[in-house]
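New notebook page. I want to look this one up piece by piece and jot down what I find.

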Amino acid sequence: MTRYVPDDNLLDVSFSAQFVHRVRFTENVLGKDQGTLADLIEDSGGQKPRVQFWLDQHVAEANPHCVRRLRDFSDSFADQFLRIGNVQIIPGGEAIKNDIHLLERMLKVFHVSDLDRRSYVIVLGGGAVLDAVGFAAGIAHRGIRLIRIPSTTLAQADSGMGVKNGVNLFGKKNWVGSFVVPWAVVNDQTLLSTLSDRDYICGFAEAVKVALLKDTSFFEKLEQQAEGIRNRTSSASHLMLRTAAMLHLRHITEGGDPFEMLEARPLDFGHWSAHKLEAMCKFAIRHGEAVACGLAIDTIYSSMKHDLSTAVAERVIRLLTKIGFRFDPLATVDANTLLAGLEEFRQHLGGRLTVTMLDGIGAPIDVHQIDRKAMMAAIEKVSSVAASTRVD
Ligand SMILES: NC(=O)c1ccc[n+]([C@@H]2O[C@H](COP(=O)([O-])OP(=O)(O)OC[C@H]3O[C@@H](n4cnc5c(N)ncnc54)[C@H](O)[C@@H]3O)[C@@H](O)[C@H]2O)c1
Ligand SMILES: [Zn+2]
């Protein structure tokens with residue numbers, strides 16, 4: 001809508017642009033479901049598009065056939081696209097996000113490979129690798145098409161569905177990054193089989209988060225399946241990861257604020273402390289582990305200062321513990337320094353502080369002020385759970 005003002009030199013023109021978020025769920029994308037991936041690669045005005053594969057080093061190590069499978073895949077569809085160069089293997093985990101020089105190296109590879117805006121970067125890996133390669137792809141030529149194949153529960157349930165990319169800088173999480181809608185995301189079940197038990201549960205921290213924000217029955221389902229999640233026997237696990245992914249996707253596509261222009265960032269529930277905790281622990285803990293701590297803190301705080309009942313807060317702590325999360329990292333850090341995470345969180349978003357808290361499950365609220373004394377008490381309480389918890 002154009003707002004006509006007396007002075008024709010001043011124009012405020014609002015406009016919207018159409019995006020498509022392509023999400024595919026597969027059982028074995030490097031096997032019987034290859035066609036699903038191939039179908040995502042569109043030809044480029046009658047020319048074969050250039051396609052480059054980027055692979056998380058730990059996935060390559062855990063699954064020695066992965067590189068060959070990616071090559072076989074490209075050979076099978078050689079009439080459809082050109083594979084450019086070798087499969088690029090890059091450091092897995094936070095290491096890829098913590099060294100800004102790796103970003104330049106990625107860009108150089110795109111450059112010498114002559115990738116263009118209609119080329120495809122297909123990245124297979126954990127959330128950290130997706131964030132870093134996604135950022136590089138997002139800024140090269142102002143955007144090369146990115147196909148994410150998340151290989152962790154966390155990336156499948158949460159980060160892979162999002163539109164954020166980035167790396168860490170100045171010791172701060174995601175200090176440099178971009179909002180870019182990926183060309184496509186392929187969530188594949190088989191890829192999760194090589195994950196360590198430690199990493200396997202991490203995605204369920206984000207599942208608990210999104211359930212707390214949006215869906216009581218999903219929260220109850222997680223409660224019922226907690227033990228099966230921890231010992232990886234629940235046949236419902238894939239479905240629960242899918243539910244979390246769909247809730248996340250719906251938030252992005254229907255929530256009215258995909259690029260976080262507004263104050264509230266509900267999907268960052270529990271994250272002001274999680275991000276700070278990761279940095280304070282020098283990234284020795286996983287994002288999912290930090291999120292579990294952050295959820296516990298903000299849930300307890302919500303029961304102290306808002307309408308969340310103590311009984312529900314205890315259920316949340318019990319659920320996280322039963323899935324296998326420990327709050328021990330909190331015992332190793334200074335609570336006052338952790339509280340500085342609030343200001344860093346505010347600064348990252350700009351404007352006044354806006355943090356999501358809970359009045360109940362499925363009833364998030366935005367708060368603009370935090371009672372520091374109560375927050376310290378909440379941190380202490382979660383730390384004391386860390387000291388006392390044993391899984392029954
Ligand atoms: N962009 C977003 O919206 C968003 C949202 C949430 C989290 N994140 C980011 O995602 C990152 C965390 O992602 P994550 O939890 O996936 O952890 P991760 O990427 O650190 O992966 C955990 C470990 O598992 C390895 N790995 C990955 N897949 C494997 C597999 N299939 N088999 C064996 N090993 C495998 C990785 O190399 C790494 O060592 C953080 O940097 C976090 O900030 C981003
Ligand atoms: Zn997260």
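My entries follow, from the whole chain down to single strands and then the ligand.

**Entry 1: the whole thing.** First a reminder to myself: this is a predicted model. I looked up the secondary structure and found 16 helices and 13 strands in the protein. Next I asked how its radius of gyration compares with that of a compact globule. For 392 residues such a globule would have a value near 21 Å, and the protein has 21 Å, so the two agree. Along the principal axes, the C-alpha atoms fill a box of roughly 65 × 60 × 40 Å. I also checked burial, and 44% of the 392 residues are buried. Then I looked at contacts with a separation of 6 or more: 77% of them join residues 24 or more positions apart.

**Entry 2: two domains.** The protein splits into domain 1 (13-194) and domain 2 (197-255 + 262-388). Their C-alpha centres are 27 Å apart. How many residues does each domain bring to the contact? I get 20 residues from domain 1 and 23 residues from domain 2. On the domain 1 side, the elements giving two or more residues are strand S3 (22-26), H7 and strand S10 (172-179). H7 gives the most there, with four residues. By class, I noted six nonpolar, 10 polar and four charged residues on that side of domain 1.

**Entry 3: strand S7.** I picked S7 (residues 120-125) and asked: buried or exposed? Six of its six residues are buried, so the strand is largely enclosed by the rest of the structure. Tyr120, Ile122 and Leu124 point one way, while Val121, Val123 and Gly125 point the other. Which strands pair with S7? One is S4 (residues 50-56), parallel to S7 over five bridges, where valine 51 stands opposite tyrosine 120. Another is S8 (residues 145-150), also parallel and joined by six bridges. There I found isoleucine 122 opposite isoleucine 147.

**Entry 4: strand S11.** I moved on to S11 (residues 184-188), where five of the five residues are buried, so this strand too is largely enclosed by the rest of the structure. Ala184, Val186 and Asp188 cover one side and Val185 and Asn187 the other. S3, which I had met in the domain contact, runs parallel to S11 with five bridges. In that pair, phenylalanine 25 stands opposite asparagine 187. S8 turns up again here, joined to S11 in parallel by two bridges. The bridge partner of arginine 148 in S11 is valine 185.

**Entry 5: ligand 1.** Last, which residues come nearest to ligand 1? Of the 31 residues around the ligand, they are His58, Gly92, Gly126, Gly127 and Ser159. The elements giving two or more residues to this shell are helix H2 (57-62), helix H6 (127-139), helix H7 (153-157), helix H8 (197-214) and helix H12 (287-305). H6 gives the most, with four residues. H7 is on my list a second time, since I had already noted this helix on the side of domain 1 that touches domain 2. The shell divides into nine nonpolar, 13 polar and nine charged residues. I also checked which domains take part: domain 1 and domain 2 each give at least three residues to the shell.

Terms used: Residues numbered from 1 in each chain as written. Chains lettered and ligands numbered in written order. Predicted model: local features only at pLDDT ≥ 70, side-chain atom pairs only at ≥ 80, totals over all residues. Near = placed C-beta within 6 Å. Nonpolar A, V, L, I, M, F, W, Y, C, P; charged D, E, K, R; others polar. Domains from an automatic or database assignment. Rg over C-alpha atoms; globule rule 2.2 N^0.38 Å. Buried ≥ 20, exposed ≤ 12 C-beta atoms within 10 Å, placed from the backbone. Contact = placed C-beta atoms within 7 Å. Pairing = 2+ DSSP bridges.
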